[in-house]
Amino acid sequence: MALPDDTAVYCAHEYTESNAKFAVTVEALEGGRANAALAARVVEIRQARALGRPTVPTTIGLERATNPFVRPAAVRIALGLPEATSDAEVFGEVRRLKDIF
């Protein structure tokens, strides 16, 4: 993604909590390595939703740090995919996993 980290993202739905739960499972696949940004985001999301507040907008930078769909290099090994697997193929596998989550 060539956009600057501070670019605002305004999605049209409130799926952030569910998506964060999924992201945590992908982190578990990554050998349980801590993703501090994701852990902090999960806390923020839970607090906001408990107060009835939206979790959007977000930023490209936060998505890069916490969203497995935009971190193909970080999840490629965890998913057991060969190093030569393209980013598009990694995205497809993450999508497949999300579909059955």
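The paragraphs below go through a predicted model, starting with helix 2 and moving on to a cluster of rings and the largest pocket.

Helix 2 runs over residues 36–50, and because each residue is expected to add 1.5 Å, its 15 residues should span 21 Å, a value with which the 21 Å between its end C-alpha atoms agrees. Within this helix, Leu38, Arg41, Val42, Ile45 and Ala48 are buried, that is, under 20% relative accessible area. Viewed down the axis of helix 2, these buried residues fall within an arc of 135°, and so they line one face of the helix. The face turned away from that buried side carries Ala36 and Ala50, which are exposed.

Both ends of helix 2 have a local feature that can be found in the model. At its start, a side-chain oxygen of asparagine 35 comes to within 3.1 Å of the backbone nitrogen of alanine 37, while just after the helix glycine 52 adopts a positive phi of about 75°.

Turning to the aromatic residues, the structure contains three aromatic pairs, and ring pairs join Phe22, Phe69, Phe91 and Phe101 into a cluster.

The largest pocket has a volume of about 450 Å³. It is lined by 26 residues, of which Thr16, Asn19, Thr58, Glu63 and Asn67 are the closest to its centre. The elements that each contribute two or more residues to this lining are helix 1 (16–29), helix 2, helix 3 (60–66) and helix 5 (87–99). Of these, helix 1 gives the most, with five residues.

Definitions and conventions:
Residues are numbered from 1 along each chain as its sequence is written. This is a predicted model: local features need pLDDT of at least 70, side-chain atom pairs count only at pLDDT 80 or more; totals for chains, interfaces and linings use all residues. Side-chain values use heavy atoms; hydrogens and water are left out. Helices (H or I, at least four residues) and strands (E, at least two) are DSSP runs, numbered from the N terminus. The expected span of a helix is 1.5 Å times one less than its number of residues. Buried means under 20% relative accessible area, exposed over 50%, partly exposed in between (1.4 Å probe, protein chains only). The arc is that of the directions from the helix axis to the C-beta atoms. A polar contact is a pair of N or O atoms within 3.5 Å; within protein, one must be able to donate a hydrogen and the other to accept it, and residues adjacent in sequence count only if both atoms are side-chain atoms. Rings of Phe, Tyr and Trp (its six-membered ring) pair if their centres lie within 6.5 Å; planes under 30 degrees apart count as stacked, over 60 as edge-to-face and the rest as tilted. On a 1 Å grid over the protein atoms alone, a cavity is a set of points where a 1.4 Å probe fits but cannot get out, and a pocket is an open set with protein on both sides within 12 Å along at least five of seven lines; lining residues have an atom within 4 Å of a point. Grid points are joined across faces, edges and corners, and a volume is the space filled by probe spheres set on the points.
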